[in-house]
Amino acid sequence: MKSKQWSLLFLVLTVATLGLLAGLTAVIDPFFHYHAPLKALSYPLDWDSQRYLNDGVIRNFDYDAMITGTSMTEYFKSSECDTLFGVNSIKVPFSGASFTELNNNIRQAIKHNPHLKFVFCSIDDGRLYQEPGYMRYDCPDYLYDDSLLNDVQYLLNKEVLCSSTILVLRYTRSGAEPGTFDDYHSDWGDVSGAPGYSKADILSRYSRVPIADTPQILTEQLRQRVTDNLTDNTVALARENPDIQFYYFYPPYSLLYWDQLDRSGTLERELETFRLTSQILTGIENIHLFSFYTDFETITDFSNYHDPLHFSTDINTLILSRMARGEYELTPENYEAHWQAVADFYRSYGYDEIYKEEA
């Protein structure tokens with residue numbers, strides 16, 4: 001066979017092989033970029049791939065409620081949400097997400113799902129101070145946009161093929177059940193009082209900062225940034241979508257979080273930011289804002305925490321049940337009293353006693 005014929009045959013075989021591999025990924029679609037899970041296959045939900053999986057879930061799954069937010073939402077059980085609120089929910093956490101990233105993905109859900117009725121989302125410490133448009137992590141844009149031209153990065157991606165497409169086939173062949181949103185990003189061994197959840201554990205993961213000489217305040221620049229972030233995103237979303245109920249909550253960080261605020265001189269700034277956020281959000285009819293910072297019993301119990309910020313799945317269960325009952329909800333009438341009670345408790349708490357008890 002002549003060299004030109006060999007070259008042509010090689011080219012044809014190469015194109016055919018690439019087409020076969022691309023087709024395999026497109027049909028199985030491990031990141032749900034084109035369609036929901038195929039009933040004949042068993043798909044694992046791998047938390048390490050959350051920014052690859054979440055957009056596909058948002059676009060192509062059947063749901064009327066979404067749980068989203070930072071790592072503070074990873075231990076929610078969508079089945080509990082479904083029972084408490086009478087919904088069919090997805091869970092799409094974005095660990096370490098910026099304020100912009102979360103709002104972009106909520107907008108994506110609204111765009112692709114006209115049946116969306118409930119959104120549950122965390123409002124985390126410091127996120128509102130970020131510059132508008134700030135993204136902490138790079139996302140795989142070829143999965144998030146609507147262009148087919150750059151899908152080659154998905155369809156002919158060796159890592160996707162070997163680590164995800166083939167994994168679905170192996171998972172199915174093993175007889176494993178499909179992954180669920182209860183298990184997605186979750187370890188149900190992480191319950192209050194479990195190994196890793198104790199005073200000694202949480203203190204070992206906390207570095208106490210020196211006492212600041214000068215307290216920080218909520219400057220006019222920061223106040224404006226917080227206001228702009230909320231009005232341009234959260235408030236705008238709610239007003240544009242009056243049929244959707246938005247449930248936002250401040251994650252109940254541990255007592256050591258408040259110790260850090262107290263020692264770093266940022267306590268008063270944070271309290272003022274909480275008040276400002278509450279003032280803006282409680283004035284919107286379809287926004288429900290919750291703060292559990294007056295649940296002092298939970299927050300001062302170190303067996304509920306893995307580190308100064310992250311709490312056990314028991315606390316996620318408690319948050320959902322309380323939101324369903326309307327407990328700890330802030331309103332225009334009560335938010336000032338709530339934050340005053342928070343300020344009174346955490347300003348005067350004897351944080352040094354935490355360490356004295358260890359002696």
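The lining of the second largest cavity in this predicted model splits into five nonpolar, three polar and three charged residues. Its volume is about 70 Å³. The wall is built from Ile 123, Asp 124, Asp 125, Gly 126, Leu 128, Tyr 129, Tyr 250, Glu 270, Thr 273, Phe 274 and Thr 277. Helix H11, residues 267-281, supplies the largest share of that lining, with four residues.

**The cavities**

Searching the whole structure turns up three cavities of 30 Å³ or more. The largest holds about 90 Å³ of space. Thirteen residues line the largest cavity, and those closest to its centre are Phe 99, Leu 102, Asn 103, Cys 121 and Ser 122. Three elements give two or more residues each to this lining: helix H4 (99-112), strand E3 (118-122) and helix H9 (220-240). H4 gives the most, four residues. By type, the lining of the largest cavity comprises eight nonpolar, three polar and two charged residues.

The two cavities compare as follows.

| Cavity | Volume | Nonpolar lining | Polar lining | Charged lining | Top contributor |
|---|---|---|---|---|---|
| Largest | about 90 Å³ | eight residues | three residues | two residues | H4, four residues |
| Second largest | about 70 Å³ | five residues | three residues | three residues | H11, four residues |

**The strands**

Tyr 250, in the lining of the second largest cavity, has a bridge partner in E5, Ser 291. Strand E4 spans residues 245-250. E4 is mostly covered, with five of its six residues buried. E4 pairs with two strands. With E3, the pairing is parallel over five bridges. With strand E5 (residues 287-291), the pairing is also parallel, over five bridges. On the E3 side, Phe 118 stands opposite Gln 245 of E4. E3 also contributes to the lining of the largest cavity.

**The nonpolar core**

Which residues have the most contacts inside the largest nonpolar core? They are Phe 246, Trp 258, Tyr 293 and Met 323. That core has 97 residues. In soluble globular proteins, nonpolar side chains tend to be buried together.

Phe 246 has a broad set of partners beyond four places in sequence. Ile 106, Ile 110 and Val 119 are among them. So are Leu 237, Ala 238 and Asn 241. Asn 286, Ile 287 and His 288 complete the list.

Terms used:
Residues are numbered from 1 along each chain as its sequence is written. This is a predicted model: local features need pLDDT of at least 70, side-chain atom pairs count only at pLDDT 80 or more; totals for chains, interfaces and linings use all residues. Side-chain values use heavy atoms; hydrogens and water are left out. A nonpolar core is a set of buried Ala, Val, Leu, Ile, Met, Phe, Trp, Tyr and Cys residues joined through side-chain atoms within 4.5 Å. Buried means under 20% relative accessible area, exposed over 50%, partly exposed in between (1.4 Å probe, protein chains only). Contact means heavy atoms within 4.5 Å. On a 1 Å grid over the protein atoms alone, a cavity is a set of points where a 1.4 Å probe fits but cannot get out, and a pocket is an open set with protein on both sides within 12 Å along at least five of seven lines; lining residues have an atom within 4 Å of a point. Grid points are joined across faces, edges and corners, and a volume is the space filled by probe spheres set on the points. Ala, Val, Leu, Ile, Met, Phe, Trp, Tyr, Cys and Pro count as nonpolar, Asp, Glu, Lys and Arg as charged, and the others, Gly among them, as polar. Two strands pair if DSSP finds at least two bridges between them.
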